[in-house]
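Please walk through this structure by way of its enclosed spaces, its strand pairing and its charged contacts, taking each in turn.

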Amino acid sequence: MSTSALDLAPVIPVVIVDDVESAVPLARALVAGGLPAVEVTLRTPAALGAIERIAAEVEGAFVGAGTVLTPDQAQAAAKAGARFLVTPGCTETLYGALVETGLSFLPGTSTVSEVLRLRELGVREMKFFPAEASGGAPYLKSLASPVPDVRFCPTGGITPVSAPTYLTLPNVACVGGSWMLPADAVASRDWARVEKLARTASGLRG
């Protein structure tokens, strides 16, 4: 059975990489802080290169690709060395492409119908996005009873203050966030600060 990113830590860092050269030290800081699952979003030209470098050079990293929107992106991310894929939503075409990669994946959902549609396809691990805008922890709590066999990684607007509330829910395995990667710390390459924030995040429990 393939490793699930949901089981590695209470938080999956959501990373936007503008400079490939910063990818390796950034990922090393996150891993050293106890956050091995690193989701690099495909929002910049540097993203695939960053995934490739992290996969090849950062021991202990479980690197994934986020914001996967198309079959081509899914294939490119897999080729670059991604270990898991994350989408903001999911269509039949995109679902088929995710399955074809052979990688574990977290398709995005924000409604009960979307959850049930993916559940019918055998999916039991999903992203809940945008979490705060879609009802937050109370919404997910209401899903736990009718759909107890689906686990979520809520992402979108989650902070270190709100994260513990999500993590108390039985259907939340972890949360996604970027608060351990402040823009000024990344810009100044203050990896010690990133590691410290990652360590605090890795200790979050509900």
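Strand E4 (84–86) and strand E5 (104–106) each contribute at least two residues to the lining of the largest cavity, and E5 provides the largest share of that lining, namely three residues. The model is a predicted one, and its totals for linings use all residues. The full lining of the largest cavity consists of Ser-4, Ala-5, Phe-84, Leu-85, Ser-104, Phe-105, Leu-106 and Glu-125, a set that divides by class into five nonpolar, two polar and one charged. The volume of the largest cavity is about 40 Å³, and the count of cavities of 30 Å³ or more comes to one.

Glu-125, which belongs to the lining of the largest cavity, also leads into the strand pairing, since this residue stands opposite Arg-151 in E8. The strands concerned are E7 (125–128) and E8 (151–154), which run parallel and are joined by four bridges; another of the facing pairs consists of Met-126 and its bridge partner in E8, Phe-152. On the other side of the pairing, strand E6 (residues 108–109) is matched with E7 in the parallel sense over two bridges, and here Gly-108 stands opposite Lys-127 in E7. The chain passes from E6 through H5 to E7 in a β-α-β crossover that is right-handed, and E7, H6 and E8 likewise make a right-handed β-α-β unit. Taken together, the three strands form an open sheet in the order E6-E7-E8, with parallel pairing, in which E6 and E8 are the edge strands, each of them pairing on one side only.

The open pockets bring in other parts of the chain. Which elements give two or more residues to the lining of the largest pocket? They are E1, H1 and strand E9 (175–177). This pocket has a volume of about 440 Å³ and is lined by 24 residues, of which Val-14, Val-15, Ile-16, Ser-178 and Leu-181 lie nearest its centre. By class, the lining of the largest pocket comprises 10 nonpolar, eight polar and six charged residues.

The second largest pocket holds about 180 Å³ of space, and its lining is made up of Gly-89, Cys-90, Thr-91, Glu-92, Tyr-95, Gly-108, Glu-114, Arg-117, Leu-118 and Leu-121. Helix H4 (92–101) and H5 are the elements that supply two or more residues to this lining, and H5 gives the most, with three residues. Here the division is into four nonpolar, three polar and three charged residues. Gly-108 ties this pocket to the sheet described above, for it is among the lining residues of the second largest pocket and also stands opposite Lys-127 in E7.

Side chains of opposite charge can pair when their charged atoms come close. The structure holds nine salt bridges, and one of them joins Arg-189 to Asp-19, with the closest N and O atoms 2.4 Å apart. That pair links distant parts of the chain, 170 residues apart, as Arg-189 lies in the loop between helix H8 (183–187) and helix H9 (191–202), whereas Asp-19 lies in the loop between strand E1 (11–15) and helix H1 (20–32). Are these two partners buried or exposed? Arg-189 is partly exposed because its relative accessible area is 42%, a value that falls between the limits of 20% and 50%, and Asp-19, at 29% relative accessibility, also counts as partly exposed.

A second salt bridge connects Arg-124 with Asp-149, where the closest N and O atoms are 3.2 Å apart. This pair, too, links distant parts of the chain, for Arg-124 sits in the loop between helix H5 (112–120) and strand E7 (125–128), and Asp-149 in the loop between helix H6 (136–144) and strand E8 (151–154), 25 residues away. Arg-124 has a relative accessible area of 31% and is therefore partly exposed, and for Asp-149 the value is 31%, so this residue is partly exposed as well.

Arg-193 forms a salt bridge with Asp-184, the closest N and O atoms of the pair being 3.1 Å apart. Arg-193 is partly exposed at 32% relative accessibility, and Asp-184 is partly exposed with a relative accessible area of 47%. Elsewhere, salt bridges with shared partners join Asp-7, Glu-125 and Arg-151 into one network, which returns to the strand pairing, where Glu-125 stands opposite Arg-151 in E8.

Definitions and conventions. Residues numbered from 1 in each chain as written. Predicted model: local features only at pLDDT ≥ 70, side-chain atom pairs only at ≥ 80, totals over all residues. Heavy atoms only, no water. Salt bridge = Lys/Arg side-chain N within 4 Å of Asp/Glu carboxyl O. Buried < 20%, exposed > 50% of the residue type's maximum accessible area, 1.4 Å probe, protein only. 1 Å grid on protein atoms, 1.4 Å probe; cavity = no way out; pocket = protein on both sides within 12 Å on 5 of 7 lines; lining within 4 Å. Points joined across faces, edges and corners; volume = space filled by probe spheres on them. Nonpolar A, V, L, I, M, F, W, Y, C, P; charged D, E, K, R; others polar. Pairing = 2+ DSSP bridges. Right-handed = clockwise from strand over helix to strand, strands pointing away.
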